[in-house]
Amino acid sequence: AAAQVTEGRGVETAGETVAHVDAESEAISVGGLDLEVVGLADKVTWYFGTPTLFVPLEDAQAIAFRGQPLAMGVAVQGAPTAAPVGLLSLTNSEVIADLERPLQSSTETIALLNFLLWIVAAGIIGSMVYLSAMERSRDFAVFKAIGATNRSLLGGLIFQAFLLSIASAVVAAVIAQLLIPAFPFAVEIPLAVYARLGVIVLTVGLLASVAGLRRAVTVQPALAFGGP
């Protein structure tokens, strides 16, 4: 498969290669084979930043199989009706899943940390809402004394929790975009992730508001007429 060259040109003859844009040399030696870097391509790293080289088939065979006429895979256009005997036909998504197998343990760890951090975030926002509710106990008592319902108090707490959650999500999204160039490998954040983030933020805000609801509900209206 050919890479989309961002600088220079593509591979034309044996002994040439297209490397990642981070390549610092015009010549690369792989498996004892000297290659001339004739082009650079972006976003062609694998396995958390491992650079990928694009070379002619004969050079790849010289590096991997000592020149034997073998190939581990062949990229084709379209969908083949049947694969030759001894070969397996894979779709693009299946190839991507196969390449991501070495990353499975790492991605599972990241997913677990992500889940734990969301629990921490809900706890922090819940604590802030609860402390705010404690400080506003007299305000809640005044509201109750003038006829405010628990539902209206809950609405205010939910709004406060949503505001904190949304502000935190916006700050996190900005920081994520600023950190992307610092990673040694390509990082992309799809729009679907931000949509999912919005749903999670609203859920976290709703759960966090429950922490202050109990305090608001148990406040007695008589507190509004008490001393300092």
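This tour proceeds through a predicted model, one selection at a time.

**First stop: the nonpolar core**

Begin by selecting I125, V129, A133, F140, A141, L153, L157, A161, V204, A208, A216 and V219. These twelve residues form the largest nonpolar core of the model. Four helices should now be coloured: α3 (104-135), α4 (137-145), α5 (150-179) and α6 (191-218), each of which contributes at least two residues to this core. In soluble globular proteins, nonpolar side chains tend to be buried together.

Within the core, centre the view on V204. Which residues does V204 touch, once those up to four places away in sequence are set aside? The residues to display are W118, A122, I125 and S165. Of these, I125 is itself listed among the members of the core.

**Second stop: a nonpolar patch on the surface**

Next, select W46, Y47, L88, L90, V95 and L99 and switch to a surface representation. Together these residues make a nonpolar surface patch of about 580 Å². W46 may serve as the point of orientation here; the residue belongs to strand β5, which covers residues 45-46. W46 counts as partly exposed because its relative accessibility is 38%, a value that falls between the limits of 20% for buried and 50% for exposed.

**Third stop: R9, E12 and E16**

Now select R9, E12 and E16 and show their side chains. A network of salt bridges links these three residues. One bridge joins R9 to E16, with the closest N and O atoms 2.7 Å apart. The other partner of R9 is E12, and in that salt bridge the closest N and O atoms are 3.6 Å apart.

Are the members of this network buried or exposed? The answer depends on the residue selected. E16 is buried, with a relative accessible area of 8%. R9 is partly exposed, at 32%. E12 counts as exposed, at 61% relative accessibility.

Keep E16 in view, and display strand β2 (residues 16-20), in which E16 is found. A polar atom of the E16 side chain also lies 3.1 Å from the backbone nitrogen of E12. The wider surroundings of E16 may then be added: leaving aside neighbours within four places in sequence, the contacts of E16 are R9, G10, V11, L35, E36, V38, F54, V55, P56 and D59.

**Fourth stop: R101 and D98**

By the rule applied here, the model has three salt bridges in total. Another of them is found by selecting R101 and D98, whose side chains meet with an N to O distance of 2.9 Å. R101 is exposed, with a relative accessible area of 55%, while D98 is partly exposed, at 36%.

**Fifth stop: Q61 and the residues that follow helix α1**

Select Q61, which is found in helix α1 (residues 57-65). With a relative accessibility of 14%, Q61 counts as buried. Where does the side chain of Q61 place a polar atom? Such an atom lies 3.0 Å from the backbone oxygen of L70. To see the setting of this pair, display R66, G67, Q68, P69 and L70, which Q61 touches when residues up to four places away in sequence are not counted.

From this group, select R66 alone. R66 is found in the loop between α1 and α2 (92-99). This residue is exposed, with a relative accessible area of 82%. The backbone of R66 also merits inspection: although R66 is not a glycine, its phi is positive, at about 55°. Most residues other than glycine have a negative phi.

**Final stop: S25 and P51**

Finally, select S25, which lies in the loop between β2 and β3 (27-30). S25 is partly exposed, with a relative accessible area of 39%. Add P51 to the selection and draw a line between the two C-alpha atoms. How far apart are S25 and P51 in sequence and in space? The two residues are separated by 26 residues in sequence and by 13 Å in space, C-alpha to C-alpha.

Key:
Residues numbered from 1 in each chain as written. Predicted model: local features only at pLDDT ≥ 70, side-chain atom pairs only at ≥ 80, totals over all residues. Heavy atoms only, no water. Core = buried A, V, L, I, M, F, W, Y, C linked by side-chain atoms within 4.5 Å. Buried < 20%, exposed > 50% of the residue type's maximum accessible area, 1.4 Å probe, protein only. Contact = heavy atoms within 4.5 Å. Patch = residues over 30% accessible without salt bridge, like charges linked within 9 Å, V, L, I, M, F, W, Y side chains within 5 Å. Areas by Shrake-Rupley, 256 points an atom, 1.4 Å probe, with all protein chains shown as cover. Salt bridge = Lys/Arg side-chain N within 4 Å of Asp/Glu carboxyl O. Polar contact = N/O pair within 3.5 Å; in protein donor to acceptor, adjacent residues only side chain to side chain.
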